Amino acid sequence: MGHAAKTPHPAPTGATLPTARKNSRGEGKRGRASRTGLAIAVASLLLAGLTTPARAEGDAKRGEAKFGECAACHTLKQGENNVGPSLHGIFGRKAGELTDFRYSPALKKSGIVWSAETLDSYIADPQAMVPANRMPYAGLADKGARADLIAYLKEATK
């Protein structure tokens, strides 16, 4: 009824096995490193969780500063176009709909209705979204900056 006690296999003759120092928790270097890595990962996730929603919604104040680049061609005033069309009332408006602005045929035919999502895609890369449009803008790669700009436009274009 007794169980045979397991004995560890002896080290090969002439071989020395490394010994690891252990801390007060009985952990070697790997234990400390994995605990530190876990702490860093948890902290990163917590910080991401705290900052992501606010950034995803965008910051209108930062967006106002970013709009300075757009203001060279666009205005926010109703009925007042510049090199580009007025952005007043853009949300919910069909692309190419203003009668007092000369849009590219590509934009007129696009069927786009401007929303936060369609603006985000368009501002990211106008030529990819609507090839052959006339907007001479390479796009804004920074997703956070686009979110900020769109947050500002939501407030300023009503």
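Colleague: Hi! Which residues touch the most other members of the largest nonpolar core?

Modeller: Hi! In this predicted model, F67, L107, W114 and L153 have the most contacts with other members of that core, which holds 23 residues.

Colleague: Nice. Which elements give two or more residues to it?

Modeller: Those are α2 (60-70), α4 (116-124) and α6 (143-156). The top contributor is α6, with six residues.

Colleague: Back to L107 for a second. What does L107 touch, leaving out residues up to four places away in sequence?

Modeller: Leaving those out, L107 is in contact with A95, W114, Y122 and V130.

Colleague: Y122 is in α4, isn't that the helix to look at next? Which residues of α4 are buried?

Modeller: Yes, Y122 is one of the buried residues there. The others in α4 are A116, T118, L119, D120 and I123.

Colleague: And what covers them?

Modeller: The cover over the buried residues of α4 includes α3 (105-109), α5 (126-129) and α6.

Colleague: T118 caught my eye. Why does T118 count as buried?

Modeller: Its relative accessibility is 19%, and the cut-off for buried is under 20%, so T118 falls on the buried side. T118 sits in helix α4.

Colleague: What does T118 touch, again without residues up to four places away in sequence?

Modeller: On that count, T118 contacts I112, V113 and M129.

Colleague: Switching topic to helix packing. How do α2 and α6 cross?

Modeller: Their axes come within 7 Å, with a crossing angle of roughly 95°. An angle from 65 to 115 degrees counts as roughly perpendicular, so that is how α2 and α6 are arranged.

Colleague: Which residues make the contact?

Modeller: From α2 there are A60, R62, G63, E64, K66, F67 and C70. On the α6 side you have A145, D148, L149, A151, Y152, L153 and E155.

Colleague: How many of those are nonpolar, polar and charged?

Modeller: The contact of α2 with α6 has eight nonpolar residues, one polar and five charged.

Colleague: I see C70 in there. How many disulfides are found in the whole structure?

Modeller: The search of the whole structure turns up zero.

Colleague: Why is C70 not bonded to C73?

Modeller: The closest cysteine sulfur to that of C70 belongs to C73, and at 8.7 Å it is too far for a bond. Looking from C73, the closest cysteine sulfur is the one in C70. A disulfide needs the two sulfurs within 2.5 Å.

Colleague: Last one: what are the relative accessible areas of C70 and C73?

Modeller: C70 has 21% and is partly exposed. C73 is also partly exposed, at 28%.

Note on methods:
Residues are numbered from 1 along each chain as its sequence is written. This is a predicted model: local features need pLDDT of at least 70, side-chain atom pairs count only at pLDDT 80 or more; totals for chains, interfaces and linings use all residues. Side-chain values use heavy atoms; hydrogens and water are left out. A nonpolar core is a set of buried Ala, Val, Leu, Ile, Met, Phe, Trp, Tyr and Cys residues joined through side-chain atoms within 4.5 Å. Buried means under 20% relative accessible area, exposed over 50%, partly exposed in between (1.4 Å probe, protein chains only). Helices (H or I, at least four residues) and strands (E, at least two) are DSSP runs, numbered from the N terminus. Contact means heavy atoms within 4.5 Å. Axes are lines fitted to C-alpha atoms, for helices over the stretch in contact, and angles run from 0 to 180 degrees between N-to-C directions. Angles under 35 degrees count as roughly parallel, over 145 as roughly antiparallel, 65 to 115 as roughly perpendicular and the rest as oblique. Ala, Val, Leu, Ile, Met, Phe, Trp, Tyr, Cys and Pro count as nonpolar, Asp, Glu, Lys and Arg as charged, and the others, Gly among them, as polar.
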